[in-house]
Amino acid sequence: MLQDGAERMPGAADPPARQASDSPNGHSKDGQSGERLDAPAGAAYMAPRAGDFRLIEEPPEFFLAANPSTKQLEAFRAFTESAKVARSEFLRGMKASDNSTEAATDSPPCTHSKPAFVGRTLNRSSRGREVHSAAKIPQAAQHRHPEGACAASDAEAAASTPHDAYPEVPELAGSTRLLRYLQGFDYDATAANNAYRRHMKWREEMSLNSDKRRTVVESMLLPMRPEASPKHAEVTRFFSTNPVLRRDEGRGPSLDTCAAAAAAASAPGGGDSLLQALSEKALDAVILDQQGNIISIERPGLLDVNGLFSAVSEEEFLGWHSDILEFRCMLLDVLSRKFNRMVRVTAVVDLQGLSTRILNRRALNLLRRTISSASENYPESIGTMYFINTPRTFATLWSAIRGWLRERTINKIKLLSGDAESVLVKNIGGYALPPSLGGSCTSSLADVPPLETDLGPGSTVLNVAARRCNQAMELIPQKSIVQWAWVAEDFDVGFSAIWRAQSGNESILEEHRKYPPRKRVSGVVRAEQEGTLILSFDNSWGLISSRRVRYKIEIMRASGDAVPGHICSEEANVV
């Protein structure tokens, strides 16, 4: 597995200077205040202002334990300070725009407007697992506002009504998230800051700054249910993906419990707050590979572009994708704090079924936007990415993908050929993988959801050209049961099934008829004697467009209690 620099070292014990961890009341165990409000020397322009986004966390302990160079430490300090300025400027701009609206409506000057609910990050809170309600936020935390800020407390922000903005993302200023940016740009503080500023703008475009975070935190992260993202069911009908493999034993916390925990986590701020809000049950459901990373699976080779955009718009798809990225990065940061090391994603990308047919201009543009969004806005999220079942057409796609990625990310991609399953089991662990990838994990949440056009492993793609009729033929041994299934992925297709005995006699198993796209068709036959099953796919009426058909034929030894739909003997008698 690919690991970058400092992350190769295991989580080390706290350095002596850091063994006095913070207590829940916001003070360190030695009695000193846990918050550091002193600005760096010569940084008068950094003086706190109303609505400022504050960055006061120290570098992650696992980063310091890896003995970073002086240059890396200086880069981290420079980037965190510049990120603070960037975020504060962005939030003040939002607040100024909103205040002009407030003035027009004669709103009280000290009420919390939408952008005023900024994430006020405080010093690291306790490592304990207890969850505080909004009413139990430590008193010391309630009064930590920049000079001149509105006097309303963070508890009030957490208890805001749905019409108010949801508290801003506190972990966005956490040291773990910022370290990902810095490492993703090879400790170039200027490049990292430019990317961070672009991310602020992207968050605004994707509406991730306020109310949308309520869905990500309360409905997706805390219950550990990425499926709760709006449009998830519609998208995954045509784009098979699972952002995090999980165990399905038991049930996660209720949505009411998650809402209360999210309010308590959002108000104090700081990256540790989400770790405290997440239940052990939810975290334990996450399956980690042998390197301690989360696992995701995608099957873009089965992407049905026409079906996808018949169910959702492009904007809705990109909104769903931003939800998934945000959920996943929050989870990575929480796990990194829990285990005191940088946790990333081990991604398995199954390209079975990929063809030039689905790589049209619209599909390529969508692929470019999703890859760019992940690479630019969530750097250092990927540990290793395995591409399996790569077809010959992948060379064309790869030439385009390389141009959308930085070299650091390209170096994490592994193209597997031959016995890919054994490589995955060796590097990831059979316990963590579903049977479809050679593993032994049978959890329903440890595999990709089945597509309407997905027939499972062993299916074959057949392209039926315009004005043509193609046949799939399979030699069937005697005393066998044969099951077939097929589905047209894009347009309607004519179909018939024929049994041809050794003598050459043919019997019709299924009469010719036309079937609509994305409708699964199946049948079964029992062969007493050897013969040939012929599946005929008809596109003779198609003047221009070809048809893409996915079919599967399974042969099993017959047993006495089998009750097939058809019985085929040497004389081709069909029942």
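**Two sheets and a helix crossing**

Strand S1 and strand S2 (residues 294-299) run in the antiparallel sense and are joined over three bridges. This pairing is a good place to enter the structure, which is a predicted model. Within the pair, Ser-240 faces Arg-299 of S2. Strands of a sheet pair through backbone hydrogen bonds, and they can do so either parallel or antiparallel.

The pair belongs to an open sheet of five strands, arranged in the order S1-S2-S3-S4-S5. Although S1 and S2 are antiparallel, the pairing in the sheet as a whole is mixed. At its edges lie S1 (240-242) and S5 (413-415), each of which pairs on one side only. On average, neighbouring strands here are turned by 15° against each other, with direction ignored.

What lies across this sheet? Helix H13 lies across S1, S2, S3 (345-350) and S4 (382-388). Relative to S2, H13 runs at about 160°.

H13, which spans residues 314-339, also packs against helix H7 (residues 211-221). The angle between these two helices is about 60°, and their axes are 10 Å apart. Angles of 65 to 115 degrees would count as roughly perpendicular and those under 35 degrees as roughly parallel, so H7 and H13 are oblique to each other. The crossing of H7 over H13 is right-handed. On the H7 side, the contact is made by Lys-212, Arg-213, Val-216, Val-217, Met-220 and Leu-221. H13 contributes Gly-319, Ser-322, Asp-323, Ile-324, Glu-326, Phe-327, Met-330 and Leu-331. Sorted by class, the residues of this contact comprise eight nonpolar, two polar and four charged ones. Among the nonpolar residues are Val-216 of H7 and Phe-327 of H13, while Lys-212 of H7 and Asp-323 of H13 are among the charged ones.

A further open sheet is built from four strands in the order S7-S12-S9-S10, and its pairing is antiparallel. Why do S7 and S10 each have one side without a neighbour in the sheet? S7 (468-476) and S10 (506-515) stand at the edges with a single partner strand each, so one side of each is left free of a neighbour in the sheet. Neighbouring strands of this four-stranded sheet are turned by 15° against each other on average, again with direction ignored.

Inside this order, S9 (residues 493-501) and S12 (residues 531-539) pair in the antiparallel sense over eight bridges. One of the residues involved is Ala-497, whose bridge partner in S12 is Leu-535.

How values were computed: Residues are numbered from 1 along each chain as its sequence is written. This is a predicted model: local features need pLDDT of at least 70, side-chain atom pairs count only at pLDDT 80 or more; totals for chains, interfaces and linings use all residues. Side-chain values use heavy atoms; hydrogens and water are left out. Axes are lines fitted to C-alpha atoms, for helices over the stretch in contact, and angles run from 0 to 180 degrees between N-to-C directions. Angles under 35 degrees count as roughly parallel, over 145 as roughly antiparallel, 65 to 115 as roughly perpendicular and the rest as oblique. A crossing is left-handed if the near helix is turned anticlockwise from the far one by less than a right angle, and right-handed if clockwise. Contact means heavy atoms within 4.5 Å. Two strands pair if DSSP finds at least two bridges between them.
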